Number of protein chains: 2
Amino acid sequence: MSITLYRATVPVYLRGLTVMADYIKKARAHCEAQSVDPDSILKAKLAPDMLDFVAQVQRVSDTAKFAVARLTGVESPKFEDTETTFDQLLARIANTEAFIAGILEDRFEGAESRQITLKFKTQQTTMDAVDYLFKFGLPNFYFHVTTTHGILRAQGVDVGKKDYLGPYEMENI
Amino acid sequence: MSITLYRATVPVYLRGLTVMADYIKKARAHCEAQSVDPDSILKAKLAPDMLDFVAQVQRVSDTAKFAVARLTGVESPKFEDTETTFDQLLARIANTEAFIAGILEDRFEGAESRQITLKFKTQQTTMDAVDYLFKFGLPNFYFHVTTTHGILRAQGVDVGKKDYLGPYEMENI
């Protein structure tokens, strides 16, 4: 058994998106319980010239949907980056999950031989699918999930490493 | 072609460790250029009850070395978590790189059928090698790399997303 590009993307992104929904719900509950202005979290950043909480959630969504789209050739849905509330961000995550969960394993047939081109302002880079996954698709996704986590921690929201890693099937020892 | 556990770990961790060395050098240069007390970065955290910069570097090192050790059965070197300077952290990263770079691809033969057990205080969880990689080995690694990044950004060190993602072979367009 080796690892398929399907296993390395769809369940991985779905797991991370579930974590993101949990973060957003905990942030919303924190604001309600502590009478905190939601904007103080929605617009919070780790540094003045970094993306805020809302934009981190949007980038998590984009990174996941684009990675799956690029690797399969399936067109990804457009999201307009207009979210301004926790509930709208939860809908964004749910829409992203729906797109990714709808990509069945057979769409990844031949994905390993795809060449992926990333375009930037004045430059571009082309790499094979597996390089793309490990040099961009996964690290970029985890960057934005973790930065979302860091923003919530810095704002005093009660999230922890267990939330980030997601649930495991545990047994007592 | 599919993805081997070797490809999903050794080059991935080495790439991330190179990023970490770059972060540490930039933090050191920042302190020298701005006459900043190194401890203000070494002991910086995103939240009072999170790990500081030094501990994030140590966890990056551990996550990488343990993942490779668990997947191959090769015993990992012990590091004592006694680093207190940028130079000592760079040595820690270099020692981690040396261990991981020394694990050749043939040590991963049969790795996919390994069962990995993670022990916590009163509970444990057992999963197959691929689940371990995607539910723990990779996300935990990127968590600590990204949190290191976030700490440096919050402290005003000049690092950016390009540093995190690492170099690509670019062409002009």
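Reader: Buried or exposed: which does A:Asp62 count as?
Author: This is a predicted model, where local features need pLDDT of at least 70 and side-chain atom pairs count only at pLDDT 80 or more, while totals for chains, interfaces and linings use all residues. Residues are numbered from 1 along each chain as its sequence is written, chains are lettered from A and ligands numbered from 1 in the order in which they are written, and side-chain values use heavy atoms, leaving out hydrogens and water. The cut-offs are under 20% relative accessible area for buried and over 50% for exposed, with partly exposed in between (1.4 Å probe, protein chains only). At 12% relative accessibility, A:Asp62 counts as buried.

Reader: And what is the mean pLDDT of chain A?
Author: For the model as a whole, the scores are ipTM 0.97 and pTM 0.97. In chain A, 99% of the residues reach a pLDDT (the predictor's confidence in each residue, from 0 to 100) of 70 or more. The mean for chain A is 96.

Reader: Back to A:Asp62: which residue forms a salt bridge with it, with the closest N and O atoms 2.9 Å apart?
Author: A salt bridge here is a Lys or Arg side-chain nitrogen within 4 Å of an Asp or Glu carboxyl oxygen. A:Asp62 pairs that way with A:Arg92, with 2.9 Å between the closest N and O atoms. A:Asp62 lies in helix α3 of chain A and its partner in helix α4, so the pair ties together parts 30 residues apart in sequence (helices being DSSP runs of H or I, at least four residues, and strands E runs of at least two, numbered from the N terminus). That partner is buried at 2% relative accessibility, and its name is A:Arg92.

Reader: How far apart are the closest N and O atoms in the salt bridge of A:Glu83 with A:Arg92?
Author: A:Glu83 and A:Arg92 are both buried. A:Arg92 also belongs to a salt-bridge network with A:Arg59, A:Asp62, A:Lys65, A:Asp81 and A:Glu83. Between A:Glu83 and A:Arg92, the closest N and O atoms are separated by 3.1 Å.

Reader: A:Asp81 is in that network too, so to speak; about what phi does it have?
Author: A:Asp81 sits in the loop between α3 (53–72) and α4 (86–101) of chain A. It counts as partly exposed, at 34% relative accessibility. A:Asp81 isn't a glycine, yet its phi is positive, at about 60°.

Reader: Which residue of chain B forms a salt bridge with A:Asp131?
Author: Over all chains, the search turns up 24 salt bridges. In one of them, A:Asp131 pairs with B:Arg7, the closest N and O atoms being 2.7 Å apart. This pair crosses between chains, running from helix α5 (residues 129–154) of chain A to the segment before α1 of chain B. The chain B partner is buried, with a relative accessible area of 18%, and is B:Arg7.

Reader: What rotation superposes chain A on chain B?
Author: The copies were superposed by least squares on C-alpha atoms of residues with pLDDT of at least 70 in both. Chain A lands on chain B with 0.0 Å of shift along the axis and an RMSD of 0.0 Å, after a rotation of 180°. That's the relation of a two-fold axis, 180° being the rotation.

Reader: Which residue of chain A comes closest to the rotation axis?
Author: The copies meet through the same surface, because 100% of the interface residues of chain A are also interface residues in chain B. In chain A, the closest approach to the axis is 2.5 Å (C-alpha), made by A:Ile3.

Reader: Which residues have the most contacts inside the largest nonpolar core?
Author: A nonpolar core is a set of buried Ala, Val, Leu, Ile, Met, Phe, Trp, Tyr and Cys residues joined through side-chain atoms within 4.5 Å. The largest one has 120 residues. B:Phe53 touches (heavy atoms within 4.5 Å) residues including B:Ile24, B:Ile41, B:Phe86, B:Leu89 and B:Leu152, leaving aside those up to four places away in sequence. The residues with the most contacts inside the core are A:Phe53 and B:Phe53.

Reader: Where is B:His30 found?
Author: B:His30 is buried, with a relative accessible area of 16%. Among the residues it touches, beyond four places away in sequence, are B:Ser35, B:Gln155 and B:Val157. B:His30 is found in chain B, in helix α1.

Reader: About what phi does B:Ser35 have?
Author: B:Ser35 is in the loop between α1 (10–34) and α2 (38–42) of chain B. It is exposed, at 68% relative accessible area. Though not a glycine, B:Ser35 has a positive phi of about 50°.
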